[in-house]
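This report walks through how the parts of one chain are held against each other, beginning with charged pairs and ending with single positions. Please keep the sequence and the 3D view at hand while reading.

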Amino acid sequence: MKKIYGIIGDPVAHSLSPVMHNAAFEKLGMDAVYLAFRVSKDELEDAVRGAKSLGISGLNVTIPLKEKALFFVDAEEVAKKIGAINTIDFSSGTPIGYNTDGIGAKKVLEETVGEIKRKRVLILGAGGAARAISFYLDAEGARVTIANRTKERAAQLASNLHNAKSIGLSAEFKKHIKDSDILINATSVGMHPDEDATLVNADMMHPDLVVFDIVYNPMETKLLREAKRAGVKKIVDGVKMLVYQGAASFRIWTKEEPPVEVMEKVVRDALIRD
Ligand code: NAP
């Protein structure tokens, strides 16, 4: 029987996950389909129960449901610490929750810089994605600084990590960029339709900084354009993280190795067409 997977969120029509996972199913010749379901926060509990009753095999969870969804699943320990899930697996009967966002970001950085241990990482943002990423990098032994518009949120996040500091987005933040090996934008600044927005300009960067923007729409954000202008040698867009977090969900659900090149190609093609 055809297996059904999907993504729940609100809004969800823009999601690239259906095109990415359906391409993977097709490449592997699997009898499966991945759909997008618009679900509000109020409908979330019914949606998770309904998915289980209908025999849906797995779900991704996106904005604004990632935190609330924790209440309706048995979550893995890491996801509990992060305080959010983006993946539900129904294969054991009980819905099990996972968070694969941090796994995706960690893999991207390992491919870009090798070992993360002791690297000085400045993460912009203290929302759901920043929490997931900072948790994984901190666990790898990176020296993480969280910089957030709402300073209290940055302090709260840093206090839950082993070796992290927090700052606001003021003058001290510019000095921190000069002293960092890796800069990660995990805010929504620069995302479509505000494509000319950035928190960091070329004059604040140095060429040896690795600049990673997790925003993937547009693929080349203003931050990445500024990084090019500053002569930064290692620039990473958000598509690979999207693909790697999806690939990690795919492995959890299917126990198969996903075709990541195919997944990345269809996502990049879809973003170019947009
Ligand atoms: P979120 O929980 O809503 O957090 C948003 C963050 O952005 C907060 O830290 C917020 O600061 C900050 N922010 C928003 N507007 C700002 C502004 N004008 N100036 C300064 N800071 C601002 O969102 P999220 O789930 O973490 O997602 C963040 C971004 O990452 C989104 O663009 C999302 O599409 C992207 N994302 C990408 C991937 C991927 O796989 N590539 C995965 C997950 C998310 P305050 O705390 O002060 O409000």
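Between domain 1 and domain 2 there are two salt bridges, a salt bridge being a side-chain nitrogen of Lys or Arg within 4 Å of a carboxyl oxygen of Asp or Glu. The model is a predicted one, in which local features need pLDDT of at least 70 and side-chain atom pairs count only at pLDDT 80 or more, while totals for chains, interfaces and linings use all residues. Residues are numbered from 1 along each chain as its sequence is written, and side-chain values use heavy atoms, with hydrogens and water left out.

**The two domains**

Domain 1 is made up of residues 3-99 + 240-273, and domain 2 covers residues 102-237; these bounds come from an automatic or database domain assignment. The C-alpha centres of domain 1 and domain 2 are 25 Å apart. Across the boundary, 17 residues of domain 1 are in contact with 19 residues of domain 2, where contact means heavy atoms within 4.5 Å.

The size of an interface is often given as the accessible area lost when the parts come together. Here the area buried between domain 1 and domain 2 is about 1600 Å², and carbon and sulfur atoms give 69% of it; buried area is the accessible area (1.4 Å probe) that two parts lose on being put together, summed over both. On the side of domain 1, Ile82, Met241 and Tyr244 lose the most area to domain 2, and together they give 39% of what that side buries.

Four residue pairs, both residues at pLDDT 80 or more, are in polar contact between domain 1 and domain 2. A polar contact is a pair of N or O atoms within 3.5 Å; within protein, one must be able to donate a hydrogen and the other to accept it, and residues adjacent in sequence count only if both atoms are side-chain atoms. The elements that give two or more residues to the side of domain 1 that touches domain 2 are helix H3 (77-82), helix H9 (239-254) and helix H10 (260-273), helices (H or I, at least four residues) and strands (E, at least two) being DSSP runs numbered from the N terminus. Of these, H9 gives the most, with six residues. By class, the side of domain 1 that touches domain 2 has 10 nonpolar, three polar and four charged residues, where Ala, Val, Leu, Ile, Met, Phe, Trp, Tyr, Cys and Pro count as nonpolar, Asp, Glu, Lys and Arg as charged, and the others, Gly among them, as polar.

**Salt bridges**

The structure holds 22 salt bridges. The table gives some of them, with N to O distances.

| Pair | Distance |
|---|---|
| Arg268 and Asp237 | 2.8 Å |
| Asp196 and Arg225 | 3.0 Å |
| Glu140 and Lys106 | 3.3 Å |
| Lys240 and Glu264 | 3.7 Å |

Lys240 lies in helix H9 and Glu264 in helix H10, so their salt bridge ties together parts that are 24 residues apart in sequence. Lys240 is partly exposed, with a relative accessible area of 25%, whereas Glu264 is buried at 18%; buried means under 20% relative accessible area, exposed over 50%, and partly exposed in between (1.4 Å probe, protein chains only). Salt bridges that share partners join Asp237, Lys240, Glu264 and Arg268 into one network.

For the pair of Glu140 and Lys106, Glu140 is partly exposed, with a relative accessible area of 30%, while Lys106 is buried, with 18%. In the pair of Asp196 and Arg225, Asp196 is exposed at 62% relative accessible area, and Arg225 is partly exposed at 31%.

**Two single positions**

Val39 is found in the loop between strand S2 (32-38) and helix H2 (44-54), and counts as buried at 7% relative accessibility. Not counting residues up to four places away in sequence, Val39 touches Ile8, Gly9, Asp10, Leu44, Ala47 and Leu65. The C-alpha atoms of Val39 and Asp10 are separated by 5.8 Å, with their positions 29 residues apart along the chain.

Gly102 is found in helix H4 and is buried, with a relative accessible area of 0%. Leaving out residues up to four places away in sequence, Gly102 touches Ala132, Ile133 and Tyr136.
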